Amino acid sequence: MTLNKLALCFVALFALELEGIASMPKQNTQCTTEEFRPRYHFSPAEHWINDPNGLIYYDGVYHMFYQYHPNDTIWGPMHWGHAISTNLITWEELDIALAPDDLGDIFSGSSVVDTTNTTGFKTDNGNDPIVAIYTSASEEGFLTQVQSLAYSVDKAATFQKYVNNPVLRDENSPDFRDPNVFYYGGKWIMSLAVGNKIEFYGSPDLKTWSKLSEFGADPQQGNHDGVWECPDLIPLIADVNGDGTKLDELWVLLVSINPGGPNKGSATQYFVGNFDGTTFTSFTWSNTQWMDWGPDNYAGVTFSNEPQGRALVVSWMSNWNYANATPTSAWRGQMTIPRTLDLVVVNRTADQYRLVSTPAEELQELRNPLHYLEYNAEINVLPQSIINLTEQAAFSTPLMELEITLNISKNPEPSFAICAHNTIGEEVCFGYSNAEYYLDRSKTTNTALNTHYTGALVSKAVREATEEVISIRMFLDVSSIEVFADGGLTTMTAIHFSSQPLDKIYINNWSKAGSSAILKVKNFKVYGLHCWFAEREGAVTTPTTVTPTDPPSAAAQYQVFSLGTIILLSLAHWVLY
Ligand code: FRU
């Protein structure tokens, strides 16, 4: 090889590396090494967060406000923290948007763009006001939770409290909070969590409210084992034939409940039905429907003013049962990836519709083009055998997205698990057995956060789909797993605290030996994902080393075609010939 060619090789490889970095908007080149720090999920640089609040798109920017305690890593006097993004991947933390005042702390709520200036808040600068509607919560006096307004006329850079706050109070309801507002039928509509039901209010100007109706007082309507919180009423269209020829225009009411979730703590249930501008009527069904069946998906609400009209939801990735006990140091709390909600028909004559959740399509930009593994031939995974899916990967990272399609036999069905793992035996698995999916974080190092966490190491979800083909999409970050099965019909989300990165993936057919149950991998793709959370001054830095080698698996039965391999082979060919 000539020196020229050698030099060109280096230039080519360097250019490829740069291309990977350049394809990521605002990509930070130096990833944090802080223990448990999410690498691509939003978490605050410091201190406590819980619910996402006031999610709104305005003038090219997605704004995420959130419950924030600026002085501690446990829940306390709530403020609205503020972060912005133009791509739904990288978030920039800004100054606190709303701080406590005489009416109390700033609890959860929503925000809207007042395009027709119903509030009169618009100024000469011409910007449409952004109005935040939130709960003022005070421990003092009889009226502890009331609804207040704050508005911004400088594109959410600063907010002013409305002088005549509060705008809504009810002396008889101690749990009276989390207003979620949208414009419909010529007026503003507010959904409000009151005890364990939802009340709807109407207003011409966001300042004066009158009660329209309520939903959920009937104990038959969903789960009532806890307090209802953070409602969101969303119009969604179900495409009945899948070709746009018949559309059912319906409404979905999200209601978070704590406790009472399928894993005993916090979770978000939903109701599908109709809304006529005054009253929400839900279709009845026997089982409570959960937006996500894992232990760590709570208080999810959608963006207001979303430019593509999507129902784009972000949830707090934790659970009140142990949120204050997670083993992070400088910060505590993180958000899910943004997901699009859609409605599908299960049985139209029986009025059965289901929510499906899909990762926001923007997240494809997270994929590092240099870290890609694809296999498209069928692999038969025999009972009691394991296939190391990432064994031949030319990269090693705990930041992964997996897309996998499986084929299972019916009668008998196989039991299997797909696990992110490491060489010290830690693993987090998504599995299937007895017509149920499960998420299992029991084999991680930090499992004794408190008794609730220890009691929720394994969560389960009934598989609604009945097909022999199972499609699974999985997002893995350093301390979380988000799974979208059957096109998002079943989603499961969990945080976990492994001591080493889970940077390998295997599939385990654990059907009993000699079982005639069949499990086939039809194809899979593994994407290494970019990291955007840069090293920060003062961040706790525990090295999270990546294990360089993995013992070859006797069970590996496949060839690997990674982009890196292809590029290197092409270069070698060019150099030699
Ligand atoms: C939900 C919630 C809300 C409340 C906020 C307080 O997680 O309890 O009902 O407004 O958190 O931080």
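Two strands are taken to pair where DSSP finds at least two bridges between them. On this basis, the predicted model contains an open sheet of 5 strands with mixed pairing, arranged in the order β4-β3-β2-β1-β20. The edges of the sheet are formed by β4 (92-98) and β20 (331-332); each has a single partner strand, so one side of each is left without a neighbour in the sheet. Strands of a sheet pair through backbone hydrogen bonds, in either a parallel or an antiparallel sense. Within this sheet, strand β2 (residues 61-69) and strand β3 (residues 79-85) run antiparallel and are joined by 7 bridges. One position of this pairing is given by Tyr-62, whose bridge partner in β3 is Ser-85.

A further set of pairings is centred on strand β7. Strand β6 (residues 130-137) pairs with β7 in the antiparallel sense over 8 bridges, and Tyr-134 stands opposite Ser-148 in β7. Strand β8 (residues 160-161) also runs antiparallel to β7, to which 2 bridges join it; here Tyr-151 stands opposite Gln-160 in β8. With regard to solvent, 8 of the 8 residues of strand β7 (residues 145-152) are buried, so the strand is largely enclosed by the rest of the structure. The burial applies to both faces: Gln-145, Gln-147, Leu-149 and Tyr-151 point one way from β7, Val-146, Ser-148, Ala-150 and Ser-152 point the other way, and all are buried. Ser-148 thus belongs to one of these buried rows, and Tyr-151 to the other.

The ligand is surrounded by Asn-50, Asp-51, Gln-67, Trp-75, Met-78, Phe-107, Ser-108, Arg-177, Asp-178, Glu-229, Tyr-298 and Trp-320. By class, this shell comprises 5 nonpolar, 3 polar and 4 charged residues. Three strands, β1 (47-58), β5 (105-113) and β9 (176-184), each supply at least two residues of the shell. Strand β1 is also a member of the open sheet described above. Several side chains approach oxygen atoms of the ligand. A polar side-chain atom of Asp-51 lies 2.7 Å from a ligand oxygen atom, and a polar side-chain atom of Trp-320 lies 2.8 Å from an oxygen atom of the ligand. For Glu-229, the distance between an N or O atom of the side chain and an oxygen atom of the ligand is 2.9 Å. Taken alone, the ligand exposes 320 Å², of which the protein buries 95%.

A search of the whole structure identifies 2 disulfides. A disulfide is a covalent bond between the sulfur atoms of two cysteines. With the bonded cysteines counted along the chain, the disulfides follow the pattern 1-4, 2-3. One is formed by Cys-31 and Cys-531, with the sulfur atoms 2.0 Å apart. The torsion about its S-S bond is about 80°, so the disulfide of Cys-31 and Cys-531 is right-handed. This pair links distant parts of the chain, 500 residues apart: Cys-31 is placed in the loop between α1 (3-22) and β1, and Cys-531 in the loop between β35 (519-529) and β36 (561-562). The two cysteines also fall into separate accessibility classes. Cys-31 counts as partly exposed at 26% relative accessibility, whereas Cys-531 is buried, with a relative accessible area of 9%; the cut-off for burial is under 20%.

The other disulfide is formed by Cys-419 and Cys-429, whose sulfur atoms are 2.1 Å apart. With 110° about the S-S bond, the link of Cys-419 and Cys-429 is right-handed. Cys-419 lies in strand β27 (residues 416-421) and Cys-429 in strand β28 (residues 427-433), so this pair ties together parts that are 10 residues apart in sequence. Both Cys-419 and Cys-429 are buried.

Two further residues were examined for accessibility. Cys-230 is buried, with a relative accessible area of 6%. Thr-302, located in strand β18 (residues 298-302), has a relative accessible area of 14% and is likewise buried. The side chain of Thr-302 makes a polar contact of 2.7 Å with the side chain of Asp-232.

Conventions. Residues are numbered from 1 along each chain as its sequence is written. This is a predicted model: local features need pLDDT of at least 70, side-chain atom pairs count only at pLDDT 80 or more; totals for chains, interfaces and linings use all residues. Side-chain values use heavy atoms; hydrogens and water are left out. A residue is near a molecule or strand if one of its heavy atoms lies within 4 Å of it. A polar contact is a pair of N or O atoms within 3.5 Å; within protein, one must be able to donate a hydrogen and the other to accept it, and residues adjacent in sequence count only if both atoms are side-chain atoms. Accessible areas come from the Shrake-Rupley method with a 1.4 Å probe; for residues, only the protein chains shown count as cover. Helices (H or I, at least four residues) and strands (E, at least two) are DSSP runs, numbered from the N terminus. Ala, Val, Leu, Ile, Met, Phe, Trp, Tyr, Cys and Pro count as nonpolar, Asp, Glu, Lys and Arg as charged, and the others, Gly among them, as polar. A disulfide is a pair of cysteine sulfur atoms within 2.5 Å. Buried means under 20% relative accessible area, exposed over 50%, partly exposed in between (1.4 Å probe, protein chains only).
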